[in-house]
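Colleague: Could you take a close look at one part for me, the salt bridges? I'd like to hear who pairs with whom and how covered the partners are.

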Amino acid sequence: MNQNALLAIAGSVGLVAGAGGTWLATPTSPVEARAITKTELTAAISADPSLCPVPQVPVVEVPTEDEAIAAFRKAQAASPLVWDRNNMPEISLSLGQCDKSSNGPGVSCLATIKLSPQAQPLDRVVGFAKSASGEWVATLN
């Protein structure tokens, strides 16, 4: 017989023997998977509430209105865009929604700013962070 034919026959016999051996060696026990019912899930969670923990909302430290005004006035006075440092406007500020800053430490707050009592209010995002001394520092975004 041709050598190629013998190799093909030997390979086929080996393949059949390996597949048959694998089929015989594997257990034939049926694995039954089923979805649990809502009542079973509710009972399991009621029995052990740690299976379904409640997510903790991170607490964000936010400056008070007075701290925010003081920090904003200090940042405004240090700004290179201020022309006359002797005639600083009477700034008023009220904080809106605050959230953890994505740009760095501290919080970003939507603030309504009035540069004088008769000025139109401006809504701006202002960043606040605590310095090493514990004082709030404002960043003008």
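Modeller: Sure, let's start with Glu40, which makes a salt bridge to Arg34, with 3.2 Å between the closest N and O atoms. Keep in mind that this is a predicted model. Glu40 is partly exposed because its relative accessibility is 35%, while Arg34 reaches 60% and so counts as exposed.

Next up is Glu61 with Lys130, where the closest N and O atoms sit 3.0 Å apart. This pair ties together distant parts of the chain: Glu61 is in the loop between helix H2 (38-47) and helix H3 (65-78), Lys130 belongs to strand E3 (residues 122-130), and 69 residues separate them. Glu61 comes out as partly exposed at 48% relative accessibility, and Lys130 is partly exposed too, at 43%.

Then there's Glu135, which bridges to Lys74 with a closest N to O distance of 3.4 Å. Here again distant parts of the chain are linked, 61 residues apart: Glu135 lies in the loop between E3 and strand E4 (136-140), and Lys74 is in helix H3. Glu135 has 39% relative accessibility, so it counts as partly exposed; Lys74 is exposed, with a relative accessible area of 51%, because the cut-off for exposed is over 50%.

That's the full count, three salt bridges, in a protein with 9 positive and 12 negative side chains. As for the setting, the pattern along the sequence is α-α-α-β-β-β-β. The radius of gyration is 36 Å, well over the 14 Å from the globule rule for 141 residues, so the protein is more spread out than a compact globule. Of those 141 residues, 17% count as buried.

Key:
Residues numbered from 1 in each chain as written. Predicted model: local features only at pLDDT ≥ 70, side-chain atom pairs only at ≥ 80, totals over all residues. Heavy atoms only, no water. Helix = DSSP H or I, 4+ residues; strand = E, 2+ residues; numbered from the N terminus. Rg over C-alpha atoms; globule rule 2.2 N^0.38 Å. Buried < 20%, exposed > 50% of the residue type's maximum accessible area, 1.4 Å probe, protein only. Lys, Arg positive; Asp, Glu negative; His and termini not counted. Charge placed at Lys NZ, Arg CZ, Asp CG, Glu CD. Salt bridge = Lys/Arg side-chain N within 4 Å of Asp/Glu carboxyl O.
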